[in-house]
Amino acid sequence: MALDDSATLVIDTGNYLTAPTGTEMPGDLLSPASPWETVGHTSLEELLSITSEGGEATVLATLQNKTLRTRYSARTERMTFILQQFDLKGMRLFYGANAPLLANGTLGIPTDPKPTVCAILIIFVDGENTFAFYAPKAEIYRADDLSLSDTESLAGMPIGITPLVHGTNNWTYAVTPLASTPPAAVATGATAGTPGSFTPPGATLPANLTALRAASITASPATAWTTSQRVVLGDSSLAHWDGDSWESGAA
């Protein structure tokens, strides 16, 4: 992989936005249009933390091979940030989406709080670069208790975001890679191997089997690939050439 100085990140500014569940990520990250709406001021000191649970490896063995395969448990991720805007929308992110607005204008704190479910977009700007986290569906709720500790700094509410699978997606959230180089070329060929590779080198991988079949990608060799030969697709699934079509899995 070539060095790319422009793909490094130092955050100058940023923004946190929400929209109804399923809202697409905006094409212009510097000017997200409605229904995207900012959540307000957030901490300058604690920008964003991401933690995860799961992902433990289990080694599967046979009598003949004590380390035959490895399986990983599902992993869930959680983002946290500090919200410093104590308006109605912000406090409902912390106290619960079902927190009622009372007749005297105060916000009631529910005994059975419900998280806010919506799309979330987090944008960080580094000069001319933008780096974003996008989840089409996420639960947002308090990440910790509220503590008002001094009179010299801005108070903040710790907010947690749990990205969720939306629709038929096999992912929960997406990030935008930084690069100064032009987008990778489209793959035009696939060479058998264990695994094989797409050509030209560095080409964008077909996203899945449907995309592979829809693309004009020439298999090499053109005859049926032999046992175990395959290519790895963008969704980490495998495919092989059976002599006249692309099929799922290894040959």
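Visitor: What makes β15 and β16 count as paired strands?

Guide: Strand β15 and strand β16 (residues 246-248) run antiparallel and are joined over 3 bridges, and since two strands pair if DSSP finds at least two bridges between them, the term applies here. The strands themselves are DSSP runs of E with at least two residues, as helices are runs of H or I with at least four, both numbered from the N terminus. Within this pair, His240 stands opposite Glu247 in β16, and the hairpin has 4 residues between the strands, with Gly243 in the turn at a positive phi of about 115°.

Visitor: On what kind of model does this rest, and which atoms are used?

Guide: This is a predicted model, in which local features need pLDDT of at least 70 and side-chain atom pairs count only at pLDDT 80 or more, while totals for chains, interfaces and linings use all residues. Residues are numbered from 1 along each chain as its sequence is written, and side-chain values use heavy atoms, with hydrogens and water left out.

Visitor: Why is Ser236 called exposed?

Guide: Its relative accessibility is 59%, and because exposed means over 50%, buried under 20% and partly exposed in between (1.4 Å probe, protein chains only), Ser236 counts as exposed. Ser236 lies in the loop between β14 and β15, and has a positive phi of about 75° although it is not a glycine.

Visitor: Why is Ser228 called partly exposed?

Guide: The relative accessible area of Ser228 is 35%, so it is partly exposed. Ser228 is found in the loop between β13 and β14, and this residue, not a glycine, has a positive phi of about 80°.

Visitor: What makes β12 and β13 edge strands?

Guide: In the open, mixed sheet of 3 strands, the order is β12-β11-β13. Both β12 (197-199) and β13 (218-220) have a single partner strand, so one side of each is left without a neighbour in the sheet. Strand β11 (residues 189-191) is joined to β12 by 3 bridges in the antiparallel sense, with Gly189 opposite Thr199 in β12.

Visitor: Which residue lies in the loop between β11 and β12, and what is the form of its peptide bond?

Guide: Pro195 lies in that loop, and the peptide bond that joins Thr194 and Pro195 is cis, with omega about 10°. Another cis peptide bond runs from Ser34 to Pro35, with omega near 20°, and Pro35 lies in the loop between β1 (13-19) and β2 (37-38).
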